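Grab a viewer and a pencil: here are some worked exercises to go through with the model open. Try each task before you read its solution.

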Amino acid sequence: MLNIDIVVIVIILANVIVSLKGLNDFSFFERYKFNIGGIRRGEQLRMLASGFLHVDLMHLFFNMFTLYFFAPVVLNSLGNVKFLVVYFGSLFVGNLFSLFFHKDEYHYSAVGASGAVSGVLFSSILFEPERSILMPFPMPGYLFAIAYLLFSIYGMKSRTGNIGHDAHFGGAVGGYVVTLILAPYLFQENPLMIGLLAIPIIILFVMQRLGKL
């Protein structure tokens with residue numbers, strides 16, 4: 001069993017409590033979900049609160065299980081306060097990506113901690129790039145990270161499935177950037193890995209500039 005810090009336990013409990021409230025109270029769910037129209041009307045709290053709501057128990061379990069598995073690496077490397085900066089920074093950047101790519105879709109809605117969790121996942125990969133990830137078969141973390149971002153770009157372009165690919169991508173970018181700001185020594189330890197993980201981000205930027213998304 002992993003040794004989980006109280007900070008992660010509190011985050012998981014907050015997600016469980018808020019998600020269960022949302023699943024049993026439709027008006028609460030509608031009031032705090034990520035919604036373009038609501039945010040553009042000035043309801044900025046949705047940018048944070050939506051990251052603690054989930055569409056069902058499986059969605060909640062998958063996000064919390066992933067957080068439980070990868071959070072210790074980031075905690076051990078950065079400490080509690082900086083871990084929280086990575087978590088909430090990733091959540092915010094993920095929702096900013098959704099807001100940017102869907103800014104004219106007033107009915108667009110989304111929920112979930114996936115952006116924040118993606119950021120924690122990518123932060124852990126920066127610290128332990130060779131760590132094996134079972135998704136769906138064992139592969140080094142850095143290869144998974146590149147594949148994850150490329151798949152997210154594909155999902156953003158094709159809009160396949162009921163998945164917030166832009167929030168996933170934005171959260172991963174948030175975790176990547178915030179971690180490098182908080183731990184700049186990584187540039188000296190593994191500059192090649194940092195460069196490799198930047199490639200999908202550059203691809204997304206170029207595609208957006210060319211109007212391909």
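Two residues are in contact here when they have heavy atoms within 4.5 Å of each other. Keep in mind that you are looking at a predicted model.

**Exercise 1. Which residues does G38 touch, leaving out those up to four places away in sequence?**

Step 1: find G38, which lies in helix 3, residues 36-40.
Step 2: apply the contact cut-off and skip residues up to four places away in sequence; that gives E43 and R46.
Step 3: check the burial. G38 has 0% relative accessibility, so it counts as buried.
Step 4: try a distance. From C-alpha to C-alpha, G38 and G115 are 19 Å apart, with their positions 77 residues apart in sequence.

**Exercise 2. Does V16 count as buried, partly exposed or exposed?**

Step 1: place V16, which belongs to helix 1.
Step 2: recall the cut-offs, with buried under 20% relative accessible area and exposed over 50%.
Step 3: V16 comes out at 28%, so it is partly exposed.
Step 4: for a long-range pair, take V16 and F187, which are 171 residues apart in sequence and 36 Å apart in space, C-alpha to C-alpha.

**Exercise 3. Describe how helix 1 meets helix 6.**

Step 1: start with the geometry. The axes of helix 1 (residues 6-24) and helix 6 (residues 80-101) come within 10 Å, and they cross at roughly 35 degrees.
Step 2: list who makes the contact. Helix 1 supplies V7, V8, I11 and N15, while helix 6 brings N80, F83, L84 and Y87.
Step 3: sort them by class, and you get six nonpolar residues, two polar ones and no charged ones.

**Exercise 4. Map the largest nonpolar core.**

Step 1: count the members. This core holds 51 residues, and V8, L67, F83, V120 and F169 have the most contacts inside it.
Step 2: ask where they come from. Two or more residues each come from helix 1, helix 5 (57-78), helix 6, helix 7 (114-127), helix 8 (141-158), helix 9 (165-182) and helix 11 (191-209).
Step 3: pick the top contributor, which is helix 5 with nine residues.
Step 4: zoom in on V120. Not counting residues up to four places away in sequence, V120 touches L67, F70, A71, V74, F83, V86, Y87 and S90.
Step 5: look for anything left over. There's a second, separate core of five residues, among them F34, I36, M47 and Y108.

**Exercise 5. Check the spans and burial of helix 7 and helix 9.**

Step 1: helix 7 has 14 residues and runs 20 Å from its first C-alpha to its last, close to the 20 Å expected at 1.5 Å a residue.
Step 2: helix 7 is mostly covered, with 14 of its 14 residues buried.
Step 3: the 18 residues of helix 9 should span 26 Å at 1.5 Å a residue, and its end C-alpha atoms are 26 Å apart, so the two agree.
Step 4: helix 9 is mostly covered too, with 15 of its 18 residues buried.

**Exercise 6. Sum up the whole chain.**

Step 1: tally the secondary structure, which is eleven helices and four strands.
Step 2: test the overall size. A compact globule of 213 residues would have a radius of gyration near 17 Å, and the chain has 17 Å, so it agrees.
Step 3: get the extents. The C-alpha trace spans about 50 × 45 × 30 Å along its principal axes.
Step 4: look at burial, which covers 49% of the 213 residues.
Step 5: finish with contact order. Of the contacts with a separation of 6 or more, 75% join residues 24 or more positions apart.

Notes:
Residues numbered from 1 in each chain as written. Predicted model: local features only at pLDDT ≥ 70, side-chain atom pairs only at ≥ 80, totals over all residues. Heavy atoms only, no water. Axes fitted to C-alpha atoms, helices over the stretch in contact; angles between N-to-C directions. Nonpolar A, V, L, I, M, F, W, Y, C, P; charged D, E, K, R; others polar. Core = buried A, V, L, I, M, F, W, Y, C linked by side-chain atoms within 4.5 Å. Buried < 20%, exposed > 50% of the residue type's maximum accessible area, 1.4 Å probe, protein only. Expected span 1.5 Å × (residues − 1). Rg over C-alpha atoms; globule rule 2.2 N^0.38 Å.
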